[in-house]
Amino acid sequence: MVDETLILRKLSELEEYTSQIQGFRSISVEDYKSDWKSQRIIERTLQMMIETCVDIAGHIISDQKYRIPESYADAFIVLKENGILGTNIFRTMEQIAKFRNVIVHYYDRVDAEIVVGILRKRLEDFDRYKDTIVDWLKNRKV
């Protein structure tokens with residue numbers, strides 16, 4: 001049985017992180033590149049947001065006894081396979097999970113333009129994910 005309280009708490013954390021990072025939406029690429037403190041805050045907050053989404057997926061997968069994902073991105077594939085995520089939100093979350101690996105492992109260093117682009121244009125994707133999970137919680141068979 002799905003631990004709805006746990007998932008709702010995680011969704012609340014996601015909302016809090018999204019709210020906290022909003023203050024950086026207007027940062028320029030140049031300011032981002034030149035300010036290591038902003039880089040650290042933004043990248044770490046994005047990492048926490050992504051990992052919270054993956055954690056939510058993991059709880060659903062475990063509770064529903066779906067197949068075990070092989071990676072962060074695969075967790076969203078499992079949700080899509082089981083009808084929880086639609087194609088558009090799935091593709092977005094899969095990309096977001098892959099971006100998390102770039103942040104964590106510094107593959108070729110983090111591209112400032114991508115990070116600023118996420119801040120300006122993609123934060124709503126986290127709200128879409130949250131709304132999708134809330135809708136699933138409301139509509140799932142008990």
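Which side chains meet in a salt bridge with a distance of 2.9 Å, N to O? They are those of Arg-140 and Glu-4, and the views below begin with this pair. The structure is a predicted model, in which local features need pLDDT of at least 70, side-chain atom pairs count only at pLDDT 80 or more, and totals for chains, interfaces and linings use all residues. Residues are numbered from 1 along each chain as its sequence is written, and side-chain values use heavy atoms, with hydrogens and water left out.

**View 1. The salt bridge between Arg-140 and Glu-4.** The two side chains meet at 2.9 Å, N to O, where a salt bridge is a side-chain nitrogen of Lys or Arg within 4 Å of a carboxyl oxygen of Asp or Glu. The pair links distant parts of the chain, with Arg-140 in the segment after H7 and Glu-4 in helix H1 (residues 4-21), 136 residues apart; helices are DSSP runs (H or I, at least four residues), numbered from the N terminus. Arg-140 counts as buried because its relative accessibility is 17%, whereas Glu-4, at 34%, counts as partly exposed; buried means under 20% relative accessible area, exposed over 50%, and partly exposed in between, with a 1.4 Å probe and protein chains only. By the salt-bridge rule, the count comes to 12.

**View 2. The salt bridge between Asp-55 and Lys-10.** The closest N and O atoms of this pair are 2.7 Å apart. Asp-55 lies in helix H3 and Lys-10 in helix H1, so the salt bridge ties together parts that are 45 residues apart in sequence. Asp-55 is partly exposed, with a relative accessible area of 28%, while Lys-10 is buried, with a relative accessible area of 15%. Salt bridges that share partners join these two residues with Arg-9 and Glu-13 into one network.

**View 3. The packing of helices H1 and H3.** Two packed helices are described by the angle between their axes and the distance between the axes. For H1 and H3 the angle is about 160 degrees and the axes are 10 Å apart, the axes being lines fitted to C-alpha atoms, for helices over the stretch in contact, and the angles running from 0 to 180 degrees between N-to-C directions. H1 and H3 are therefore roughly antiparallel to each other, a term that applies to angles over 145 degrees. H1 passes H3 in a left-handed crossing, meaning that the near helix is turned anticlockwise from the far one by less than a right angle, and clockwise for a right-handed crossing. Among the residues that make the contact (heavy atoms within 4.5 Å) are Leu-6, Ile-7, Leu-11 and Leu-14 of H1 and Ile-42, Leu-46, Met-49 and Ile-56 of H3. By class, the contact of H1 with H3 has 13 nonpolar, 4 polar and 3 charged residues, where Ala, Val, Leu, Ile, Met, Phe, Trp, Tyr, Cys and Pro count as nonpolar, Asp, Glu, Lys and Arg as charged, and the others, Gly among them, as polar.

**View 4. Helix H4 (residues 72-81) and the helices around its buried residues.** In H4, Ala-73, Asp-74, Ala-75, Phe-76, Val-78 and Leu-79 are buried, and the buried residues of H4 pack against helix H3 (36-64), helix H5 (87-105) and helix H7 (123-139). The axes of H4 and H5 come within 8 Å and cross at roughly 165 degrees, and H4 and H5 are therefore roughly antiparallel to each other. H4 passes H5 in a right-handed crossing. The residues of the contact of H4 with H5 divide into 7 nonpolar, 2 polar and 4 charged. Just after H4, Gly-83 takes a positive phi of about 75 degrees.

**View 5. The salt bridge between Arg-67 and Glu-81.** The side chains meet at 3.0 Å, N to O, with Arg-67 in the loop between H3 and H4 and Glu-81 in helix H4, 14 residues apart. Arg-67 counts as partly exposed at 36% relative accessibility, and Glu-81 counts as partly exposed at 48%.

**View 6. Gln-47 and Gln-39 in helix H3.** Gln-47 counts as buried at 15% relative accessibility, and, not counting residues up to four places away in sequence, Gln-47 touches Ile-103 and Val-104. Gln-39 counts as partly exposed at 21% relative accessibility. Leaving aside its neighbours within four places in sequence, Gln-39 is in contact with Tyr-32, Lys-33, Ser-34 and Arg-44.

Notes:
Helices (H or I, at least four residues) and strands (E, at least two) are DSSP runs, numbered from the N terminus. Angles under 35 degrees count as roughly parallel, over 145 as roughly antiparallel, 65 to 115 as roughly perpendicular and the rest as oblique.
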